[in-house]
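Here are some exercises to work through with the structure open beside you. Try each task before reading its solution.

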Amino acid sequence: MTGSRPSRGFYFPDKACRISFIMCKGGVGKTTVSYFLGQRLASYGARVLLIDSDPQGNLTAALRPDRFGISLTESTPVLVDVLTGKCRVDEAILKLTPQLHLLPSTAINSLLERRLLELGGNAITRLDQILRLVDRSYDYIIIDCAPSLNVVNASIIYSSDQVILPVQLDEFSRLGLKQTLMEIKGLEKELGFVTNVKILLNRFNAREKLSFLYLGHLAEEYRSLLMHSTIRQSAEIKMALSLQRDFFSRTKSKAREDFDALTREFLPPQTATGEQHAWN
């Protein structure tokens, strides 16, 4: 197929699909979903670049570069170094495995907002310009964002093909979702672009009546934005993160089922004849 790359039966496009996980409320699972989605896409043969834009560096910590013989120091290049031209983007990328790479984060990324503002009119478009340099080296670029809507995340939204908003079924998440969607719409209007926004239900607990109540509210208000997949609340996910366990190797696992379903939503779709093709 012209303009696509076959891998393990899938035809990936010759340009990366950029996916960002954003929510102005913390604790909704942005890092966890980024972590497992990146790993699962890589296991399907995709070339994945994970970008940790959060100064807290939780995604970087979860991936544990030291397991791959990589030590992080104060001089390790991070996103702020790339965006300000201190180093090239390829110089900041850590190759954890042949399929899974990481642009890490350290506390130095706390300067990212200030440095972007110093770029003036180029602040919002800067990340898009940088990612174009590596778009053809990856099938997916996944960006884990800090829980805020500032210039940094505005630049990430502008640069993304898909913006995923993870939410839990509670009042605080509902309010955070509403605020985030308002901010995204305002950004689109101001800059004259449209992004593909989807809502992912995360940590769903079917035993809680309140969960179904909020699910009803979300379905009524945002039905067209809801992803088909739902990530259920699971102790397996916490154990996998803390103990570096691989639930994808297990035959029966609710966590595996949920993340498999989520991953398939991002894989190139199949035609009626079974041929895989690239997204637009």
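The exercises below cover the sheet, a pair of helices and some salt bridges.

This is a predicted model, in which local features need pLDDT of at least 70, side-chain atom pairs count only at pLDDT 80 or more, and totals for chains, interfaces and linings use all residues. Residues are numbered from 1 along each chain as its sequence is written, and side-chain values use heavy atoms, with hydrogens and water left out.

**Exercise 1.** Work out the strand order of the open sheet and find which strands stand at its edges.

Step 1. Helices (H or I, at least four residues) and strands (E, at least two) are DSSP runs, numbered from the N terminus. Two strands pair if DSSP finds at least two bridges between them.

Step 2. Reading across the open sheet, the eight strands come in the order E5-E6-E4-E7-E3-E8-E9-E10, with mixed pairing.

Step 3. E5 (94-95) and E10 (226-232) are the edge strands; each has a single partner strand, so one side of each has no neighbour in the sheet.

Step 4. E10 runs parallel to E9 (residues 196-204), and four bridges join the two. Phe 204 stands opposite Arg 232 in E10.

**Exercise 2.** Describe how helices H1 and H10 cross and which residues meet there.

Step 1. Axes are lines fitted to C-alpha atoms, for helices over the stretch in contact, and angles run from 0 to 180 degrees between N-to-C directions. The axes of H1 (residues 30-43) and H10 (residues 235-243) come within 12 Å and cross at roughly 75°.

Step 2. H1 and H10 are therefore roughly perpendicular (65 to 115 degrees).

Step 3. On the H1 side, Thr 32, Tyr 35 and Phe 36 meet Ile 237, Ala 240 and Leu 241 of H10 (contact means heavy atoms within 4.5 Å).

**Exercise 3.** Compare the settings of two salt bridges, Arg 18 with Asp 135 and Glu 118 with Arg 115.

Step 1. A salt bridge is a side-chain nitrogen of Lys or Arg within 4 Å of a carboxyl oxygen of Asp or Glu. The whole structure holds 15 of them.

Step 2. In the Arg 18–Asp 135 pair, the closest N and O atoms are 2.6 Å apart. Arg 18 is in strand E3 and Asp 135 in the loop between H6 and E7, 117 residues apart.

Step 3. Buried means under 20% relative accessible area, exposed over 50%, and partly exposed in between (1.4 Å probe, protein chains only). Arg 18 is buried at 3%, and Asp 135 is buried at 4%.

Step 4. Glu 118 and Arg 115 meet at 3.4 Å, N to O, and both lie in helix H5 (residues 112-118), three residues apart. Glu 118 is exposed at 55%, while Arg 115 is partly exposed at 27%.

Technical notes: Angles under 35 degrees count as roughly parallel, over 145 as roughly antiparallel, 65 to 115 as roughly perpendicular and the rest as oblique.
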